[in-house]
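Could you walk me through a protein structure, one feature at a time? I'd like to learn how to read what is on the screen.

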Amino acid sequence: MTPEEPMYTVGVVVGTHGLRGEVRVIPRTDFPEVRFRQGSVLWLDGGTGPARELRVEKARKHKNVYIVQFAGFHSIQAVEPWKGRELKVPESALMPLPEGQYYIHQLVGCRVVDEHGRWLGELSEVLQPGANDVYVVRRPGAKDLLVPAVPSVVKRVSVEDRLMVVSLPEGLEEL
C-alpha cells in the first residue's frame with residue numbers, strides 16, 4: 001500500500017466485547033467473510049494521525065456484527081479508544097465485482113443523461129433504503145432527481161467515461 005492510495009471503509013468499530021481485546025464491528029462491505037477472516041490486513045483510521053495496520057487474529061459473526069480480535073491487542077484498554085473508528089482497505093485490495101456491478105465511489109460523480117443524450121445532472125449520492133439502491137442526481141437550479149437503480153431505468157454505465165445513461169419512467173422528473 002502506498003500512502004497516496006485511496007482507502008475504503010469495510011467496517012466500523014462500534015465497541016468492545018469482553019475484556020480480552022475483542023471489538024464489535026459493523027461490516028460496511030459485501031464481503032465480510034473475506035475482510036474479517038484470520039490473517040486479513042485492515043487499516044484502522046487514524047483520525048488525526050496516521051492509519052494503523054492491523055492483522056485479524058480471529059473473528060466470528062454475532063447477530064449483525066463481527067466480533068474481531070487483532071494480533072497484538074489482547075486487553076480492553078488497548079482497543080477502547082477505537083470505538084467509532086473505521087476499518088479500511090486500500091483500493092488495490094478491493095474485491096473484483098461481477099460485470100454490471102460497481103462500487104459506490106465509482107458511480108459518484110458520473111454525468112447522468114437520458115437515452116436521447118439530454119444531460120440530467122451528476123450522480124451525487126447512492127441511497128440504500130432496501131429493495132434496490134436509489135441514485136441521487138444533483139441538478140443545478142432544480143430539486144435532486146431520485147433514480148431507482150434497476151435495469152429497466154439504468155440502461156448503461158461507463159465508469160471509464162464517468163457516464164450513466166437512464167430511461168426515466170414517465171412522471172419521475174416532475175416529482
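Here is a short tutorial on reading this predicted model, from its sheets down to single side chains.

Q: Let's start with the strands. How do strands hold together in a sheet?
A: Strands of a sheet pair through backbone hydrogen bonds, and the pairing can be parallel or antiparallel. In this structure, one set of 6 strands closes into a barrel, and its pairing is antiparallel. Going round, you meet them in the order β1-β2-β5-β4-β3-β6. From one strand to the next, the twist averages 50°.

Q: Which residues face each other where β3 pairs with β6?
A: Try finding residues 41-44 for β3 and 86-90 for β6. The two strands are antiparallel and share 2 bridges. Look for tryptophan 43, which sits opposite lysine 88 of β6.

Q: What is the other sheet like?
A: Another 6 strands make an open sheet with mixed pairing, in the order β10-β9-β8-β7-β12-β11. An open sheet has edges, and here they are β10 (145-148) and β11 (154-158). Each of those has a single partner strand, so one of its sides has no neighbour in the sheet. The twist in this open sheet averages 35° from strand to strand.

Q: How many bridges join β7 to β8, and which way do the two strands run?
A: There are 3 bridges, and the strands run antiparallel. β7 covers residues 111-114, while β8 covers 119-127. To see one facing pair, find valine 112, which stands opposite glycine 121 in β8.

Q: Now for side chains. Is glutamate 22 buried or exposed?
A: The idea is to compare its relative accessible area with a cut-off: under 20% counts as buried. Glutamate 22 comes out at 10%, so it is buried. You'll find this residue in strand β2, which covers residues 22-27.

Q: What does the side chain of glutamate 22 make a polar contact with?
A: Its partner is the side chain of arginine 60, at 2.9 Å. Glutamate 22 has other company too: setting aside neighbours within four places in sequence, its contacts include Thr16, His17, Lys58, Ile67 and Val79.

Q: How many aromatic pairs does the structure hold?
A: There are 3. Take phenylalanine 36 and tyrosine 66: the ring centres are 5.2 Å apart, with 35° between the planes, and the pair is tilted. This pair links distant parts of the chain, 30 residues apart. Phenylalanine 36 is in the loop between α1 (32-35) and β3, whereas tyrosine 66 belongs to strand β5 (65-70). Both phenylalanine 36 and tyrosine 66 are buried.

Q: Why is the pair of phenylalanine 70 and tryptophan 82 called edge-to-face?
A: Check the angle between the planes: over 60 degrees counts as edge-to-face. The planes of phenylalanine 70 and tryptophan 82 are at 65°, so this pair qualifies, with the ring centres 5.9 Å apart. Phenylalanine 70 lies in β5 and tryptophan 82 in the loop between α2 (76-79) and β6, so the pair ties together parts 12 residues apart in sequence. Phenylalanine 70 is buried at 0% relative accessibility, and tryptophan 82 is buried at 2%.

Q: Which residues form an aromatic cluster?
A: Phe70 and Trp82 belong to one, together with Phe73.

Q: How many salt bridges does a search of the whole structure find?
A: The search finds 4. A salt bridge brings a side-chain nitrogen of Lys or Arg within 4 Å of a carboxyl oxygen of Asp or Glu. One of them joins lysine 88 to glutamate 86, with the closest N and O atoms 3.4 Å apart. Lysine 88 is buried at 18% relative accessible area, while glutamate 86 is partly exposed at 27%.

Q: What does aspartate 114 form a salt bridge with?
A: Its side chain meets that of arginine 118, at 3.1 Å from N to O. Here aspartate 114 is buried, at 10% relative accessibility, and arginine 118 is partly exposed, at 41%.

Q: Where do aspartate 144 and arginine 138 stand: buried or partly exposed?
A: Aspartate 144 is partly exposed at 33%, and arginine 138 is partly exposed at 45%. The two form a salt bridge, their closest N and O atoms being 3.5 Å apart.

Technical notes
Residues are numbered from 1 along each chain as its sequence is written. This is a predicted model: local features need pLDDT of at least 70, side-chain atom pairs count only at pLDDT 80 or more; totals for chains, interfaces and linings use all residues. Side-chain values use heavy atoms; hydrogens and water are left out. Two strands pair if DSSP finds at least two bridges between them. Helices (H or I, at least four residues) and strands (E, at least two) are DSSP runs, numbered from the N terminus. Axes are lines fitted to C-alpha atoms, for helices over the stretch in contact, and angles run from 0 to 180 degrees between N-to-C directions. Buried means under 20% relative accessible area, exposed over 50%, partly exposed in between (1.4 Å probe, protein chains only). A polar contact is a pair of N or O atoms within 3.5 Å; within protein, one must be able to donate a hydrogen and the other to accept it, and residues adjacent in sequence count only if both atoms are side-chain atoms. Contact means heavy atoms within 4.5 Å. Rings of Phe, Tyr and Trp (its six-membered ring) pair if their centres lie within 6.5 Å; planes under 30 degrees apart count as stacked, over 60 as edge-to-face and the rest as tilted.
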